[in-house]
Amino acid sequence: MTRKVTAESSKLDNVIIETDKGQEYTVGEIKHSDRIQKSATPKMDLSWYVKWISSIFIFSAVMMRSATGNSPEQTEILLMADRILSLIGCMGWTWVGLLWKDRALIVLNAVIVFALATGILTSLLN
């Protein structure tokens, strides 16, 4: 048998919860606190791993973008690496947007994926 308690209910406000770090809080304190930070995004699920791996790809792309080649050929290789890493990272973030049903993430990253894919194809065809 399960019971559903609404968020507005004060029935559980005196229940004590212990965190992984050993701190103790009452449910009421957590519910009404301005000093306890609550994450709005899921943690340690598929979207958590995809968003961090995608972020690493985008960080790597920015490093490629900021690097300068010693020759035009090296510069072209760095530019292509930037585009490919950015594409992978933005595809991951598009997927996260779909998992979270977040239209802003979906639209932003889908447009960037399209632009990067167009740039990569143009470079390969020239």
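This dialogue works through several features of a predicted model.

Student: How should I judge whether a helix is straight in its overall length, and which span should helix α3 have?

Tutor: One compares the span expected from the residue count with the separation of the end C-alpha atoms. For α3, 29 residues at 1.5 Å a residue should span 42 Å, and the end C-alpha atoms are 42 Å apart, which agrees. For helix α4 (residues 103-125), the 23 residues should span 33 Å, and its end C-alpha atoms also lie 33 Å apart.

Student: Which residues of α4 are buried, and what covers them?

Tutor: A residue counts as buried when its relative accessible area is under 20%. In α4 the buried residues are L105, N109, V113, L116 and I120. The cover over them includes α3.

Student: N109 is on that list. Is N109 buried or exposed by its relative accessible area, and what does it touch?

Tutor: N109 belongs to helix α4 and is classed as buried because its relative accessible area is 5%. Not counting residues up to four places away in sequence, N109 touches C90, W93 and T94. Its side chain also has a polar partner: one of its polar atoms lies 3.0 Å from the backbone oxygen of L105.

Student: What is found at the start of α4?

Tutor: There, a side-chain oxygen of D102 comes within 3.1 Å of the backbone nitrogen of A104. The residue before D102 in the numbering, K101, also deserves attention: K101 sits in the loop between α3 and α4. Its phi is near 55°, a positive value in a residue other than glycine. K101 counts as exposed because its relative accessibility is 71%.

Student: Where else is there a positive phi in a residue that is not a glycine?

Tutor: M44 has a positive phi of about 65°. M44 is located in the loop between α1 (27-32) and α2, and counts as exposed, at 51% relative accessibility.

Student: How many salt bridges does a search of the whole structure find, and which residues meet in a salt bridge?

Tutor: One looks for a side-chain nitrogen of Lys or Arg within 4 Å of a carboxyl oxygen of Asp or Glu. The search of the whole structure finds one salt bridge. The side chains of R65 and D82 meet in it, at 2.9 Å from N to O. This pair links distant parts of the chain, with R65 in helix α2 and D82 in helix α3, 17 residues apart. D82 is buried, with a relative accessible area of 7%.

Student: Which residues form the nonpolar patch on the surface?

Tutor: The residues to examine are those with over 30% relative accessible area and no salt bridge. Here L46, W95, L98 and L99 form a nonpolar patch, with about 390 Å² of accessible area together. Helix α3 (residues 72-100) supplies the largest share, three residues. L99 is placed in this helix and is partly exposed, with a relative accessible area of 37%.

Student: How far apart in space are G69 and L98?

Tutor: The two residues are 29 residues apart in sequence, and their C-alpha atoms are 37 Å apart in space. G69 lies in the loop between α2 (46-66) and α3. G69 counts as partly exposed, at 24% relative accessibility. Leaving aside neighbours within four places in sequence, G69 is in contact with Q74, T75 and L78.

Definitions and conventions:
Residues are numbered from 1 along each chain as its sequence is written. This is a predicted model: local features need pLDDT of at least 70, side-chain atom pairs count only at pLDDT 80 or more; totals for chains, interfaces and linings use all residues. Side-chain values use heavy atoms; hydrogens and water are left out. Patches are made of residues with over 30% relative accessible area and no salt bridge: like charges are joined within 9 Å, nonpolar side chains (Val, Leu, Ile, Met, Phe, Trp, Tyr) within 5 Å. Accessible areas come from the Shrake-Rupley method with a 1.4 Å probe; for residues, only the protein chains shown count as cover. Helices (H or I, at least four residues) and strands (E, at least two) are DSSP runs, numbered from the N terminus. Buried means under 20% relative accessible area, exposed over 50%, partly exposed in between (1.4 Å probe, protein chains only). The expected span of a helix is 1.5 Å times one less than its number of residues. Contact means heavy atoms within 4.5 Å. A polar contact is a pair of N or O atoms within 3.5 Å; within protein, one must be able to donate a hydrogen and the other to accept it, and residues adjacent in sequence count only if both atoms are side-chain atoms.
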